[in-house]
Amino acid sequence: MSARSLKVTLTRRLPDAVETRMRELFDARLNLTDRPMSRQELAQAMASSDVLVPTITDRVDAELIDGAPDTLKMIANFGAGTEHVDVAAAQARGILVTNTPGVLTEDTADLAMTLILAVSRRVVEGAEALREGRFEGWTPTWMMGRKLWGKRLGIVGMGRIGQALARRARAFGLQVHYHNRRQLSAMIEEELGVTWWDDLDAMLPRMDVISLNTPATAETRHIVSAERLSRLQPHAILVNTARGELIDEAALARALIENRLGGAGLDVFEHEPAVHPDLLRHPRAVLLPHLGSATVESRQDMGDRVILNVMTFANGHRPPDRVLT
Ligand code: 8YV
């Protein structure tokens with residue numbers, strides 16, 4: 001089948017340059033409203049496409065995949081995480097799944113560092129106080145945060161983003177530790193200056209800052225449980241730019257309210273776009289609306305990866321970013 005006649009459905013609005021290029025290359029169907037598709041609309045899109053381009057706001061589960069006709073050949077996700085797509089079900093039907101890794105690494109690591117700084121230096125609290133007219137001039141003891149230099153950062157999940165964060169963190173004088181299923185090679189450990197812990201429970205109580213940078217899977221769901229939160233030092237800061245499902249959000253809100261945790265910086269939430277009301281109210285929680293990859297450059301690059309994957313497939317080759325179970 002020629003690329004020109006390939007029916008490619010985008011479930012959301014993508015950057016203009018990405019959508020326009022897709023129209024030039026494929027029989028691309030756009031969602032000009034940008035409204036997330038209902039389940040029924042998603043089923044219809046899958047029934048009338050050769051390629052579906054979903055995002056994190058679509059739940060492409062086994063039932064939808066099993067109900068799709070054989071004409072659906074590929075799910076080319078716009079984004080790195082693919083936990084919203086049942087990859088095993090797709091694989092069983094011979095439907096290819098691809099994602100967009102690599103291109104959003106630096107921006108997501110920037111955002112993790114931003115949250116670490118914002119929480120430890122009370123940046124949002126201070127800005128709000130000023131805007132609300134509560135700044136009455138400098139005082140020696142008002143709005144004191146915590147120094148970062150010389151503290152310990154524990155990174156949970158040392159893939160691309162974890163490593164990019166480690167590089168930044170060293171420049172801020174943090175001693176970087178990490179927990180990952182597999183230890184990095186000695187060469188990379190030395191280059192990054194990081195220390196591996198095979199046991200997450202042993203690492204957590206020693207850290208001043210914890211950053212979650214691991215994908216959401218059945219094994220990592222609530223990896224930060226109520227029990228694990230109770231292991232943290234009361235001044236510790238927890239930052240999450242990966243997936244909300246990694247944290248028991250209700251337990252986190254309780255830990256903050258009961259002063260068992262120094263603060264939290266969250267870009268992702270367990271029931272997105274809903275946020276636990278106790279977190280919304282808490283002054284030591286810095287909350288962002290899933291901005292990890294939200295730069296003009298990253299979103300363009302993500303679109304380019306989708307195009308590359310679809311084009312490679314259309315040309316009869318194996319796309320570079322295949323996601324396998
Ligand atoms: C994306 C993300 O914006 O790529 C990811 O995994 O979390 C985000 O940065 C989102 O997934 C788009 O589908």
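**Ligand site and second largest pocket**

A polar side-chain atom of Arg299 sits 3.2 Å from an oxygen atom of the ligand. Keep in mind that this is a predicted model. The protein covers 90% of the ligand's accessible area, which is 330 Å² for the ligand on its own.

Two more polar contacts to go through. Ser293 puts an N or O atom of its side chain 2.7 Å from a ligand oxygen. Ala80 also has a distance of 2.7 Å to an oxygen atom of the ligand, but there the protein partner is a polar backbone atom.

Now the shell. Which residues are around the ligand? Going up the chain, we have Thr55 and Ile56, then Phe78, Gly79, Ala80 and Gly81, then Leu104. After those come Arg243, His290, Ser293, Arg299 and Met302. By class, that shell holds five nonpolar, five polar and two charged residues. Arg243 and Arg299 are the charged pair, because arginine counts as charged.

Next, the second largest pocket. Its space is about 280 Å³. The lining has 18 residues, and those closest to the centre are Val119, Arg122, Arg146, Gly262 and Arg284. Which elements give two or more residues to that lining? Helix H5, residues 105–120, and helix H6, residues 123–131.

How does the lining of this pocket divide by class? Nine residues are nonpolar, five are polar and four are charged.

To recap the ligand: contacts with the backbone of Ala80, the side chain of Ser293 and the side chain of Arg299.

Key
Residues numbered from 1 in each chain as written. Predicted model: local features only at pLDDT ≥ 70, side-chain atom pairs only at ≥ 80, totals over all residues. Heavy atoms only, no water. 1 Å grid on protein atoms, 1.4 Å probe; cavity = no way out; pocket = protein on both sides within 12 Å on 5 of 7 lines; lining within 4 Å. Points joined across faces, edges and corners; volume = space filled by probe spheres on them. Helix = DSSP H or I, 4+ residues; strand = E, 2+ residues; numbered from the N terminus. Near = heavy atom within 4 Å. Polar contact = N/O pair within 3.5 Å; in protein donor to acceptor, adjacent residues only side chain to side chain. Areas by Shrake-Rupley, 256 points an atom, 1.4 Å probe, with all protein chains shown as cover.
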